[in-house]
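Subject: Structure handover

Hello,

Please find the structure below. Some notes on what was found in it follow.

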Amino acid sequence: MPSEDFFPATAMPDSDWWSALWPDPEGALRALGIEPQMTVVDLCCGDGHFTAPLARLVGGRVYGVDLDPAMLDKARAAVGRAGVAVRQWIRADAMDLAGLIPEKADFVLIANTFHGVPDQTGLSSGVAAVLKPGGAFAIVNWHPLPREKTVVLGAPRGPKTEMRMAPEAVRAVVEPAGFEWQRLVELPPYHYGAVFHRIESD
Ligand SMILES: C[S@@+](CC[C@H](N)C(=O)[O-])C[C@H]1O[C@@H](n2cnc3c(N)ncnc32)[C@H](O)[C@@H]1O
């Protein structure tokens, strides 16, 4: 698989400080509006830090997508340790999402990855294609704080300052793909979720 298919600056963080930063991933998922019984795509799921609590929350109606097979192995193990299951693991480029999910989803989550996507409106168009009309798209990003101010376990963390996006910048690239802004969710200490609804067009 050509390495250029990976989005820049989106390597999975080490689990020590990631777990310290996100001690309650299920709480974050609920705050974003994910509810039991929803069908959810965890796009760029990484090692499953969010995928396992997500699978528990929605009763297994989860598609976990990542380009890196090693990440999918870790995510599969995390879901197994949690005693839950997902509907399907999909190893693929997120840019190809439109053709990958065998049913329409209620919710697509992309966490800690969107900042590195070169064609953000193109990715959002693929997300729109797999969502039910009115379905939700949530983007979890680092706030555009200087990197030296986002300290976790004694060290600055997260993407370079210049890669971080303000919520308004996210809105500007997502809405042209067929979404309308719904709300901003604060995910302290350093993150926010930008939540959109797919415009009802079919
Ligand atoms: C920073 S990690 C975030 C993982 C998880 N969402 C979280 O917040 O814990 C980004 C993930 O995106 C994946 N990724 C990068 N480029 C991708 C692409 N083009 N298609 C699918 N996954 C990709 C990486 O393999 C990595 O697992």
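Is the crossing of α3 and α4 left-handed or right-handed? The crossing of α3 and α4 is right-handed (clockwise turn of the near helix from the far one by less than a right angle; anticlockwise would be left-handed).

This is a predicted model, in which local features need pLDDT of at least 70 and side-chain atom pairs count only at pLDDT 80 or more, while totals for chains, interfaces and linings use all residues. Residues are numbered from 1 along each chain as its sequence is written.

Helices (H or I, at least four residues) and strands (E, at least two) are DSSP runs, numbered from the N terminus. Helix α3 (residues 51-58) packs with helix α4 (residues 69-81) at about 45°, their axes 8 Å apart. Axes are lines fitted to C-alpha atoms, for helices over the stretch in contact, and angles run from 0 to 180 degrees between N-to-C directions. The two helices, α3 and α4, are therefore oblique to each other (not under 35 degrees, roughly parallel; over 145, roughly antiparallel; or 65 to 115, roughly perpendicular). T51, A52 and A55 in α3 meet A75, A78 and V79 in α4, contact being C-beta atoms, placed from the backbone, within 7 Å.

There is also an open sheet of 7 strands, ordered β3-β2-β1-β4-β5-β9-β8 with mixed pairing; strands pair if DSSP finds at least two bridges between them. Its edge strands, β3 (88-91) and β8 (179-187), each pair on one side only. Strands β5 (residues 131-142) and β9 (residues 191-198) run antiparallel, joined by 7 bridges.

Regards

Technical notes. Two residues are in contact if their C-beta atoms, placed from the backbone, lie within 7 Å.
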